[in-house]
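Trainee: I would like to take a close look at one part of this protein, going slowly and one step at a time. Could you take me through it once the structure is in front of us?

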Amino acid sequence: MKNCKLIALLVLSTCFVFADPPEWDIDIFAYESSGSITSAVILNEENAGSEGDLLGAFVGEELRGVGNPTSVPFGPYAGTYQFLTLIYSNQASGETVSFQFYDSETDAVYDITETYDFTADMTHGNVTIPEILNAIDNGGGDDGGDSLPTDGCTDLPENTIYFSQ
């Protein structure tokens, strides 16, 4: 009986999903200029930031900055997460920056509605008055597939365990 419980526990533990964040790496030394944005990401009318999330800044398809979630310790946004993001460029101005939000809880990437014009040394937002970025919920984000995220257990074989008395 003890072995059956152990087997059941092992089988059930295989249903956990391990998030696979996007490979957003940037060589900051390849750029002359930078500017910053402090932002809160809103998804379905809620602050969506949490540990493990990422905010990517892009010019066209080129990654220009990555923001990690930072817990806000004070002010009107205390207890939430915001993204303190440096954005890089080799131009002093004239580029349009778009954003994508990686949600580690759903393992999905969402496009952001807002764009910003890059200016060297720009500073947008702070922890008491962040820039609000709205993630587009298109039924599960862009996880690279055509289906909605699952709990990770759909591809497992039948796992029925029968206990004898």
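Which side chain meets the side chain of arginine 64 in a salt bridge of 2.9 Å, N to O?

Mentor: The partner you are asking about is glutamate 95, whose side chain meets that of arginine 64 in a salt bridge with an N to O distance of 2.9 Å. Please keep in mind from the beginning that this is a predicted model. The pair links distant parts of the chain, with glutamate 95 in strand E7 and arginine 64 in strand E4 (residues 62-67), 31 residues apart. As for the general idea, side chains of opposite charge can pair when their charged atoms come close.

Arginine 64 has another partner to consider, since its side chain also meets that of glutamate 62 in a salt bridge, here at 3.3 Å, N to O. A search of the whole structure finds two salt bridges, and through shared partners Glu62, Arg64 and Glu95 are joined into one network.

It is worth asking how far each member of this network is covered by the rest of the protein. Arginine 64 has a relative accessibility of 6%, and because buried means under 20%, this residue counts as buried. Glutamate 95, at 11% relative accessibility, counts as buried too, whereas glutamate 62, at 37%, counts as partly exposed.

Now let us follow the strand that carries arginine 64. Strand E4 runs antiparallel to E3, and five bridges join the two. Within this pairing, valine 59 stands opposite glutamate 62 in E4, and glutamate 62 is also the residue whose side chain meets that of arginine 64 at 3.3 Å. The hairpin of E3 and E4 has two residues between the strands, and in this hairpin glycine 60 takes a positive phi near 65°.

Another residue that touches this region is leucine 86, which lies in strand E6. Leaving aside its neighbours within four places in sequence, leucine 86 is in contact with Arg64, Gly65 and Val66, as well as with Ser34, Gly35 and Ser36. Leucine 86 is partly exposed, with a relative accessible area of 39%. If you look for threonine 123, you will find that leucine 86 and threonine 123 are 37 residues apart in sequence, while their C-alpha atoms are 9.4 Å apart in space.

From here we can turn to the nonpolar interior. The largest nonpolar core has 20 residues, and those that touch the most other members are Val41, Leu55, Ile87, Phe99, Phe101 and Ile112. Several strands each supply at least two residues of this core, among them strand E3 (54-59), strand E6 (81-89) and strand E7 (93-103). Apart from this core lies another one, of six residues, including Trp24, Leu63, Tyr102 and Val109.

Isoleucine 112 shows what such packing looks like for one residue: not counting residues up to four places away in sequence, isoleucine 112 touches Val41, Leu55, Phe99, Gln100, Phe101, Leu133, Asn134, Ala135 and Ile136.

Aromatic rings are also worth following, and the structure holds five aromatic pairs. The rings of phenylalanine 83 and phenylalanine 101 have their centres 6.0 Å apart and their planes at 75°, so the pair is edge-to-face. Because phenylalanine 83 lies in strand E6 and phenylalanine 101 in strand E7, the pair ties together parts that are 18 residues apart in sequence. Both of these phenylalanines, 83 and 101, are buried. The rings of phenylalanine 99 and tyrosine 116 also form an edge-to-face pair, with centres 6.0 Å apart and planes at 85°. This pair links phenylalanine 99 in strand E7 with tyrosine 116 in strand E9, 17 residues apart. Phenylalanine 99 counts as buried at 2% relative accessibility, and tyrosine 116 is buried with a relative accessible area of 13%. In addition, ring pairs link Phe83, Phe101 and Tyr110 into a cluster.

Finally, let us set this part within the whole. The protein chain has one helix and 11 strands, and of its 165 residues, 33% count as buried. Among contacts with a separation of 6 or more, 67% are between residues 24 or more positions apart. The salt bridge with which we began, between glutamate 95 and arginine 64, links residues that are 31 residues apart.

Key
Residues numbered from 1 in each chain as written. Predicted model: local features only at pLDDT ≥ 70, side-chain atom pairs only at ≥ 80, totals over all residues. Heavy atoms only, no water. Core = buried A, V, L, I, M, F, W, Y, C linked by side-chain atoms within 4.5 Å. Buried < 20%, exposed > 50% of the residue type's maximum accessible area, 1.4 Å probe, protein only. Helix = DSSP H or I, 4+ residues; strand = E, 2+ residues; numbered from the N terminus. Contact = heavy atoms within 4.5 Å. Salt bridge = Lys/Arg side-chain N within 4 Å of Asp/Glu carboxyl O. Phe/Tyr/Trp six-rings, centres within 6.5 Å; stacked < 30°, edge-to-face > 60°. Pairing = 2+ DSSP bridges.
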